[in-house]
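The following exercises concern the nonpolar cores and an annotated site of one protein model. Please examine the sequence and structure before attempting them.

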Amino acid sequence: MSADDRRQRQKPNILMTGTPGTGKTTTSSLVADAIGLRHIDVSDLVRRRSLHDGWDEDFDCHVINEDLVCDELEDMMEEGGNIVDYHGCDFFPERWFDRVVVLQTNNSILYDRLTSRGYMGAKLINNIECEIFQVLLDEARTSYAEDIVISLQSDSVEDISNNVTVLTEWITNWRPSSRST
């Protein structure tokens, strides 16, 4: 998919990324429902379609096969109108996205969210450190054009509501010939 292909899409593609527990799935679902886009939860897709190379006992999760995931998503991404929800972002082709959203959450709030999900040990520590050091924001800024990457705070229901408004307004104003507005 070239830049010309991106301009031919009638609806934008958005990557929603951030540390687990920052509200990616909630925000993605709300935006998708509000504006009529397809929400693609990559973790769920990996489980349903067996797009993984096994199980990581230390982090209690699947080891995704990035090539299989990209192959699975290619046709959908060419069509446009997708919100891709995943905590990693550096393996997706840059050409797929018109906006990359990094959700961030205060560390104490994130800690509470993750422990309520049963995160502990290395998995908990690793995710909290990722947020402290803004690993996913740096990854997004390194992997995608600066003008399409934004960071949104996601500490509360009010933040999520505001983020949904910001994103639905951006989608409404998006035009195929423009990557950012």
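Three exercises with worked solutions follow; the model is a predicted one.

**Exercise 1.** Determine how many residues the largest nonpolar core has and which elements supply at least two of its residues.

*Solution.* Begin with the core itself: it has 25 residues, and Val69, Phe92, Phe97 and Tyr144 have the most contacts inside it. Next, assign the contributions: helix H3 (42–49), helix H4 (66–79), strand E6 (99–104) and helix H7 (135–143) each supply at least two residues. The largest share, four residues, comes from H4. Finally, separate from this core is a second one of 15 residues, with Ile14, Leu103, Val164 and Leu167 among them.

**Exercise 2.** Identify the residues annotated as "binding site" and relate them to the largest pocket.

*Solution.* First, consult the record: the unreviewed UniProt entry places this annotation on Gly21, Gly23, Lys24, Thr25, Thr26 and Arg117. Then compare with the pocket: from this set, Gly21, Gly23, Lys24, Thr25, Thr26 and Arg117 belong to the lining of the largest pocket.

**Exercise 3.** Is glycine 23 buried or exposed, and where is arginine 117 found?

*Solution.* Glycine 23 lies in the loop between strand E1 (14–17) and helix H2 (24–35). Its relative accessibility is 13%, under the 20% cut-off, and therefore glycine 23 counts as buried. Beyond its neighbours within four places in sequence, glycine 23 contacts Leu103, Arg113 and Ser154. Arginine 117, in turn, occupies the loop between helix H5 (107–116) and helix H6 (121–132). With neighbours within four places in sequence left aside, arginine 117 is in contact with Pro20 and Gly21.

Conventions: Residues numbered from 1 in each chain as written. Predicted model: local features only at pLDDT ≥ 70, side-chain atom pairs only at ≥ 80, totals over all residues. Heavy atoms only, no water. Core = buried A, V, L, I, M, F, W, Y, C linked by side-chain atoms within 4.5 Å. Buried < 20%, exposed > 50% of the residue type's maximum accessible area, 1.4 Å probe, protein only. UniProt positions renumbered as here; feature names shortened; annotations may be inferred. 1 Å grid on protein atoms, 1.4 Å probe; cavity = no way out; pocket = protein on both sides within 12 Å on 5 of 7 lines; lining within 4 Å. Contact = heavy atoms within 4.5 Å.
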